[in-house]
Amino acid sequence: MLDVLVDQLVQRGHRVKFLEYASPRFQLRPQVEVLDSSRYGLRVLRALFALLQLPKIDDCAYLGADVLNDRYPAAVRHLDFLRIAKASGVSVHVQGFSLEADTGPIMTDRLAALMGADFHLRDPRSFAHAKAMGLEHCKLVADMAFLLEPEITGSPAADALKRVASLKTSGARVIGVNIRGPTEVILGGGGTVIGKALAGWLEDTRNHVLFMSHDLRSGLAGDGDAISAVRKAIPASVSDRVFVVEQASAWELKRICGELDLVVCRIDARVRASGLPV
């Protein structure tokens, strides 16, 4: 979504400065300047570096995805920076995020301190929570992931797309599966249930399964272990028709989704697949 935000800003004639992370995809754009504060190591030095940039910018946009609450300490620090930016006269915009009923006292205070900033919430329930909290200048917007451009930029995604295209040419049917959401349930035994369901699909020799990883890290932080758990539950006799696309970006997964017959997924991947012939 960060890539989408930058795309939209550049298309509207803005120059963009990244104070922290920047996708390699934008490193060569003349309209984008990467000021990577991480090279300063200590958090206090990174914060000082970012503060020194405030006199040079007109607007400060923060991508709040996914959810802003007390469980994300980094988000709390970022909103502290936005509060200082707002106090210095910079227009502040908090983009593409959700709120829960249990936002937490720390995050609630930080959001209240940004009264007058623009808040763009991506779902009706979050919008209602924001209004109930007394936040002004709230707008209900679509998830920025809807604006992802489907394209392939890396070898793993290109290889997966080539395999899908080859299978489809031979009359095969390919289902894409993204299981990032219920990782804890899957590792607790739910993977067996999903594996058996996919095994039923694979009983037809024309059918294949492509696991689309959201984040291949192990444990609850990613879906690497969850994918492994599901694959172990799929009989070896049909496992040759199961494959995984690794290290694929969101826009690459959107391109791949357009070639699939069916996508079974969590909300993030469903947004990517929307508007595609799948």
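The following paragraphs describe the strands, helices and selected side-chain contacts of a predicted model.

In this predicted model, local features are reported only where pLDDT is at least 70 and side-chain atom pairs only at pLDDT 80 or more, while totals for chains, interfaces and linings use all residues. Residues are numbered from 1 along each chain as its sequence is written, and side-chain values rest on heavy atoms, with hydrogens and water left out.

The chain contains 10 helices and 10 strands, where helices (H or I, at least four residues) and strands (E, at least two) are DSSP runs numbered from the N terminus. Of its 278 residues, 42% count as buried; here buried means under 20% relative accessible area, exposed means over 50%, and partly exposed lies in between, with a 1.4 Å probe and protein chains only. Among contacts between residues at least 6 apart in sequence, 64% join residues at least 24 apart, a contact being a pair of heavy atoms within 4.5 Å.

One open sheet is formed by four strands in the order 3-4-5-6, with parallel pairing; two strands are taken to pair if DSSP finds at least two bridges between them. Strand 3 (59-63) and strand 6 (138-140) stand at the edges, and because each has a single partner strand, one side of each is left without a neighbour in the sheet. From one strand to the next the twist averages 15°, with axes being lines fitted to C-alpha atoms, for helices over the stretch in contact, and angles running from 0 to 180 degrees between N-to-C directions. Strand 5 and strand 6 run parallel and are joined by three bridges, and H120 stands opposite K139 in strand 6. Helix 5 (residues 124-132) packs on this sheet, where it touches strand 5 and strand 6, and its direction makes about 165° with that of strand 6.

The two ends of helix 5 can be described in turn. At its start, a side-chain oxygen of D123 reaches to within 3.3 Å of the backbone nitrogen of R125, which is a polar contact, that is, a pair of N or O atoms within 3.5 Å; within protein, one atom must be able to donate a hydrogen and the other to accept it, and residues adjacent in sequence count only if both atoms are side-chain atoms. Just after the helix, G134 takes a positive phi of about 90°. H137, in the loop between helix 5 and strand 6, also has a positive phi, of about 55°, although it is not a glycine. Most residues other than glycine have a negative phi. H137 is partly exposed, with a relative accessible area of 46%.

Within the same region, Q95 belongs to strand 4 and, at 14% relative accessibility, counts as buried. The side chains of Q95 and H120 are joined by a polar contact of 2.9 Å. When residues up to four places away in sequence are not counted, Q95 touches L5, Y62, L63, G64, A65, H120 and M144.

Aromatic rings were also examined, with rings of Phe, Tyr and Trp (its six-membered ring) taken to pair if their centres lie within 6.5 Å, and with planes under 30 degrees apart counted as stacked, over 60 as edge-to-face and the rest as tilted. By this rule there is one aromatic pair. It consists of F97 and F119, which are edge-to-face at 6.4 Å centre to centre, with 65° between the planes. The pair links distant parts of the chain, since F97 is in strand 4 (residues 91-97) and F119 in strand 5 (residues 118-121), 22 residues apart. F97 is buried, with a relative accessible area of 0%, and F119 likewise counts as buried at 0%.

A further open sheet is formed by four strands in the order 9-8-7-10, and here the pairing is parallel. Strand 9 (242-245) and strand 10 (262-264) stand at the edges, each with a single partner strand, so one side of each is left without a neighbour in the sheet. The twist averages 25° from one strand to the next. Five bridges join strand 7 to strand 8 (residues 207-212), which run parallel, and I175 stands opposite V209 in strand 8. Helix 9 (residues 250-257) packs on the sheet, touching strand 8, strand 9 and strand 10, and its direction makes about 165° with that of strand 8.

N178 lies in the loop between strand 7 (173-177) and helix 7 (183-202) and is buried, with a relative accessible area of 5%. A polar atom of the N178 side chain lies 2.9 Å from the backbone oxygen of M212.
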